[in-house]
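Student: I'd like a close look at a single part of this protein rather than the full tour. Pick one spot where charge matters, please, and take me through it and its surroundings.

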Amino acid sequence: MEFLKVSSKSSPASVAGAIAGMVKDGVPVNIQSVGAGAVNQAVKAVAIARGFLIPTGVDISCAPTFADIEINGETRTAIRIAVYVHRLVPQVGTAKSPDDGATGLM
């Protein structure tokens, strides 16, 4: 499985662009971060990516998990964030039309 690796120095807007691009291309999105600062940047990126995607009819959600990984021969605990895609379907008949019988005149 491939991961977008996010560090505390990663730009959330840049990571969000990568997330949105992968979602639009139908590529599974999985993020990996080590450390509180990196996880913070990753979560901000998911929130920004939602803002990019919702106007296109797509929403995303995420689920975090812990993973033990090895970096330079040392075991570290990473947070892995799986991103799930939800297609938004417009609700038919929920918007009130201007001619719904209520004129406001008495």
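Tutor: One bit of vocabulary before we zoom in: a residue is buried if its relative accessible area is under 20%, exposed if over 50%, and partly exposed in between. Also keep in mind that this is a predicted model.

Let's pick the salt bridge, since a search of the whole structure turns up one. The partners are Asp-59 and Arg-50, whose side chains meet at 2.7 Å, N to O. As background, side chains of opposite charge can pair when their charged atoms come close. The two side chains also make a polar contact, at 2.7 Å.

How buried or exposed is each partner? Asp-59 has a relative accessibility of 15%, so it counts as buried. Arg-50 comes out at 33%, so it counts as partly exposed.

Now for the company Asp-59 keeps. If you skip the neighbours within four places in sequence, Asp-59 is in contact with Arg-50, Ile-54, Tyr-84, Val-85, His-86 and Leu-88. Asp-59 itself belongs to strand S3, which covers residues 58-71.

Follow that strand and you get to its partner. S3 and strand S4 (residues 74-87) run antiparallel, with 14 bridges joining them. For a landmark on this pairing, find Phe-66, which stands opposite Ile-79 in S4. The hairpin that these strands form has two residues between them, and Asn-72 takes a positive phi there, near 50°. Asn-72 is a residue other than glycine with a positive phi, and it sits in the loop between S3 and S4. Its relative accessible area is 80%, so Asn-72 is exposed, whereas Asp-59 is buried.

Next, take a look at helix H2. This helix has 18 residues (36-53), which at 1.5 Å a residue should span 26 Å; the end C-alpha atoms are 26 Å apart, so the two agree. Which residues of H2 are buried? They are Ala-38, Gln-41, Ala-42, Ala-45, Val-46, Ala-49 and Leu-53. These cover an arc of only 145° around the axis, so they lie on the same side of H2. What covers them includes strand S1 (4-6), helix H1 (12-24), strand S2 (29-33), S3 and S4. Turn to the face of H2 that points away from the buried side and you find the exposed residues Ala-36 and Ala-47.

Val-43 is another residue of helix H2. With a relative accessible area of 47%, Val-43 is partly exposed. Val-43 and Cys-62 are 19 residues apart in sequence, and their C-alpha atoms are 9.1 Å apart in space.

Finally, let's zoom back out. The protein has two helices and four strands, and along the sequence they follow the pattern β-α-β-α-β-β. Of its 106 residues, 28% count as buried, and Asp-59 is one of the buried residues. Among contacts between residues at least 6 apart in sequence, 63% join residues at least 24 apart.

So, back to your spot: Asp-59, buried at 15%, and Arg-50, partly exposed at 33%, with their side chains meeting in a salt bridge.

How values were computed: Residues are numbered from 1 along each chain as its sequence is written. This is a predicted model: local features need pLDDT of at least 70, side-chain atom pairs count only at pLDDT 80 or more; totals for chains, interfaces and linings use all residues. Side-chain values use heavy atoms; hydrogens and water are left out. A salt bridge is a side-chain nitrogen of Lys or Arg within 4 Å of a carboxyl oxygen of Asp or Glu. Buried means under 20% relative accessible area, exposed over 50%, partly exposed in between (1.4 Å probe, protein chains only). A polar contact is a pair of N or O atoms within 3.5 Å; within protein, one must be able to donate a hydrogen and the other to accept it, and residues adjacent in sequence count only if both atoms are side-chain atoms. Contact means heavy atoms within 4.5 Å. Two strands pair if DSSP finds at least two bridges between them. The expected span of a helix is 1.5 Å times one less than its number of residues. The arc is that of the directions from the helix axis to the C-beta atoms.
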